[in-house]
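Got your viewer open? Let's take a short walk, one selection at a time.

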Amino acid sequence: MPDPTRTGQPGDDWREQVFAAFEQGGVELFCYLPDAGLDSFISRANAGNQDRAVVLTTEEEGVGICCGAWLGGKRAVLMIQSSGVGNCINTFSLVTNCRFPFFLLVSMRGEFGEGNPWQIPMGRTTQAMLELAGFQVFRASHPQDAVVMVTEGLKMAWRSDAPVAVLLSQRLIGAKDM
Amino acid sequence: MSMRRDQALRALAEHVADDIVVAIYTTAFDWIAIRESPLNYIMTGAMGLGSSHALGLALGRPDKRVLVLDGDGSLLMNLGSLVTIAEAAPRNLIHFVLQNGTYEANGAHPTPGSDRVDFAGFARAAGYRSCHVFDDLATFAARIGSVLQEPGPVFVTMKIEPGPPPKLDYQYMHSAPVREAFRAALNGSH
């Protein structure tokens, strides 16, 4: 569906600015599950340096990979859909017990305009689950929120060894036209 | 046929220099008793994540060889990681599974399919560059040195006997100080 947040001008697209924030924040590895809401970031991660995109079979793998990469000296981020947050819950104990810096980007489903009832339970519980698991959660509902939250969230994760999640609300990324 | 884990790990240790070794659950305690190193990284929680953690390390430090000593119960919990590792194809990752057919750290109940699951077969089908199965100590000791020289991702099944209940040292479990010590050692290791 047409994206009302796109202006058509290169550099004006908030998605480009978010990805630029990742690059400026020193992110060298992007772990992800394929997802329409993350499409733009997945495409950019796969463009250019082929070694920086890691496609996963399930979200919790990304928790281990991001922590391992950081130990090895590379900053990594995990990009998943809200339903996948539920898959990760036990593995977040690795992040909190060992105080890994960790950055999670979540494309929200199951909220504004959702047409798929299977997305609604995790849509309603994702933010609370992340907070219970020890994450600092920022929810972006406007394009510029997303850019600044990713920029500052990356700094917070790496400067304070904290788990940080930025949720891209469904109102921001648009409901899938079912 | 099967091997005693401590004997097989001793044979492996003879060929391990300044490599990163990610060791899982009960194997971890045998391993750290055999090979002391600041580049030992033990995982006794977040079950299943050992292989993924090792993949991250392999991608983060492509100049270092990374061995993961996975468990069969752990790998069953994260079989998809075989596909992810094959796709990422790190040349410096060697993935061992110590197959004893039990969840040894937690009651020693049998794993599903314990008498027939072929983990090396899974790894081969997923696309690992080479896959091996060892169930005899003499053969393992004779061949593991050359297996370690193969470009990864390499998969090695070690068929081992179930052992006694582990004495888990919770003081040395994976924790923030332990991971920081490991990271500092790794950052100083070239």
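Helices here are DSSP runs of H or I with at least four residues, strands are E runs with at least two, and both are numbered from the N terminus. Keep in mind that you're looking at a predicted model.

Start by selecting chain A and switching to cartoon view. You'll find 8 helices and 6 strands in chain A. Trace chain A along the sequence and the pattern reads α-β-α-β-α-β-α-α-β-α-β-α-β-α. Its radius of gyration is 15 Å, close to the 16 Å that the globule rule gives for 178 residues, so chain A is as compact as a globular protein of that length. Taken along the principal axes, the C-alpha atoms of chain A fill a box of roughly 40 × 35 × 25 Å.

Now turn on the surface of chain A. About 7600 Å² is exposed, with carbon and sulfur atoms supplying 51% of that. As for what's underneath, 55% of the 178 residues of chain A count as buried. Colour the charges next: chain A has 14 positive and 19 negative ones, and their mean positions lie 3 Å apart.

Next, jump to chain B and select residues 5-13, which make up helix α1. Is this helix mostly enclosed or open? In α1 of chain B, 7 of the 9 residues are buried, so the helix is largely enclosed by the rest of the structure. Show side chains and look for the buried ones, among them Leu9(B) and Leu12(B). To see what they pack against, add α2 (25-34), β3 (66-71), β4 (93-99), α7 (137-147) and β8 (154-159) of chain B: the buried residues of α1(B) pack against these elements.

Note on methods: Residues are numbered from 1 along each chain as its sequence is written. Chains are lettered from A and ligands numbered from 1 in the order in which they are written. This is a predicted model: local features need pLDDT of at least 70, side-chain atom pairs count only at pLDDT 80 or more; totals for chains, interfaces and linings use all residues. Side-chain values use heavy atoms; hydrogens and water are left out. The radius of gyration is taken over C-alpha atoms; the globule rule is 2.2 Å times the number of residues to the power 0.38. Buried means under 20% relative accessible area, exposed over 50%, partly exposed in between (1.4 Å probe, protein chains only). Accessible areas come from the Shrake-Rupley method with a 1.4 Å probe; for residues, only the protein chains shown count as cover. Lys and Arg count as positive and Asp and Glu as negative; His and the chain ends are not counted. The place of a charge is taken as NZ of Lys, CZ of Arg, CG of Asp or CD of Glu. Contact means heavy atoms within 4.5 Å.
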